[in-house]
Amino acid sequence: MQSRFHTAVFALAVVASAPAFAGSAAPKATGAAPDTTFLQNAFDGRAKCLAADKDAVQMAQCDKSAAQQWVLERSPLPGYFRVHTVGGGAEQCLAVNTSANGPAVRMAACSDADNQQWAVQRSAMLAPGQTSGEAGGILQFTNQATGKTRCLESMGSGLKISPCDRRELGHRWLAQWSPTM
């Protein structure tokens, strides 16, 4: 039986017909803007987007700012991606906090550390209002440091890493090229 989730290969599986994430289409010309997406969560509703503010990462009212435009670029580790915002640039990446103190997820100086390596799985389910074959969809994020059985979860305005459950709304990330407000 085929799994409801499968590892996304951005060049083929997520958006073969439309560039949605960095590295998903033909190589860009030097100086071209990266492909970006807004990440909304099924738990928080369609008016909130994942946002970065310096080192902090939280769910915030969608405002189409550069702090809410996320870029996924291939990591040197096969099957993984580094995630950063347009506003923070490629110098600050989404990272699991490996210390006992502080938030579960934060922005940190980009490196090849396991806590910055994200596997992205695309659900066979369609996002609300999405038609078959359309780019985007429902995604789950797991991290190399915490393992493929623990997902990025939205919980109100905060985030945590928790055991993956496809029924958990907080694990369902909606990739949108422009946020639905």
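This is a short walk through one chain, from its overall build to a few of its side chains.

Okay, hi everyone. Before we start, keep in mind that this is a predicted model. Let's get a feel for the whole chain first. There are 181 residues, and 44% of them count as buried. In terms of secondary structure, we have one helix and 13 strands. If you read along the sequence, you meet a strand, then the helix, and after that strands up to the end of the pattern. On contacts: taking those with a separation of 6 or more, 50% are between residues 24 or more positions apart. And the outside? The chain exposes about 8500 Å², with carbon and sulfur atoms supplying 54% of that.

Now to the charged side chains. How many salt bridges does a search of the whole structure find? The count is three. As a reminder, side chains of opposite charge can pair when their charged atoms come close.

Let's begin with Arg82, which is buried at a relative accessible area of 15%. Arg82 has a salt bridge with Asp112, at 2.7 Å from N to O. Where do these two sit? Arg82 is in strand E6, residues 81-85, while Asp112 is in the loop between strand E8 (105-109) and strand E9 (118-123), so this pair ties together parts that are 30 residues apart in sequence. Unlike buried Arg82, Asp112 is exposed, with a relative accessible area of 53%.

Arg82 also forms a salt bridge with Glu73, and there the closest N and O atoms are 3.7 Å apart. Glu73 counts as partly exposed, at 24% relative accessibility.

The remaining pair is Arg167 with Asp165, whose side chains meet at 3.3 Å, N to O. Arg167 is exposed at 63% relative accessibility, and Asp165 is partly exposed at 26%. Going back to the others, shared partners join Glu73, Arg82 and Asp112 into one network.

Next, a charged residue with another story: Glu153, in strand E11, residues 147-155. Which side chain of opposite charge is nearest to Glu153? That's Lys160, 4.0 Å away, yet Glu153 has no salt bridge even though Glu153 is buried. Leaving out residues up to four places away in sequence, Glu153 touches a whole list of neighbours, including Leu159, Lys160, Glu168, His171 and Trp173.

Let's move to Asn97, in the loop between strand E7 (92-96) and E8. Is Asn97 buried or exposed? Asn97 counts as buried, at 13% relative accessibility. Its side chain has a polar contact of 2.9 Å with the side chain of Ser99. A polar atom of the Asn97 side chain also lies 2.9 Å from the backbone oxygen of Pro103. And if we skip residues up to four places away in sequence, Asn97 touches Gly102, Pro103, Ala104, Val105 and Arg106.

Last stop, the surface. Phe43, Met155 and Leu169 make a nonpolar patch of about 270 Å². Phe43 comes from the loop between strand E2 (38-41) and strand E3 (45-53), and counts as partly exposed at 43% relative accessibility.

So, to recap what to look for on screen: the network of Glu73, Arg82 and Asp112, buried Glu153 without a salt bridge, Asn97 with its polar contact to Ser99, and the nonpolar patch that includes Phe43. Thanks, everyone.

Conventions
Residues numbered from 1 in each chain as written. Predicted model: local features only at pLDDT ≥ 70, side-chain atom pairs only at ≥ 80, totals over all residues. Heavy atoms only, no water. Buried < 20%, exposed > 50% of the residue type's maximum accessible area, 1.4 Å probe, protein only. Helix = DSSP H or I, 4+ residues; strand = E, 2+ residues; numbered from the N terminus. Polar contact = N/O pair within 3.5 Å; in protein donor to acceptor, adjacent residues only side chain to side chain. Contact = heavy atoms within 4.5 Å. Patch = residues over 30% accessible without salt bridge, like charges linked within 9 Å, V, L, I, M, F, W, Y side chains within 5 Å. Areas by Shrake-Rupley, 256 points an atom, 1.4 Å probe, with all protein chains shown as cover. Lys, Arg positive; Asp, Glu negative; His and termini not counted.
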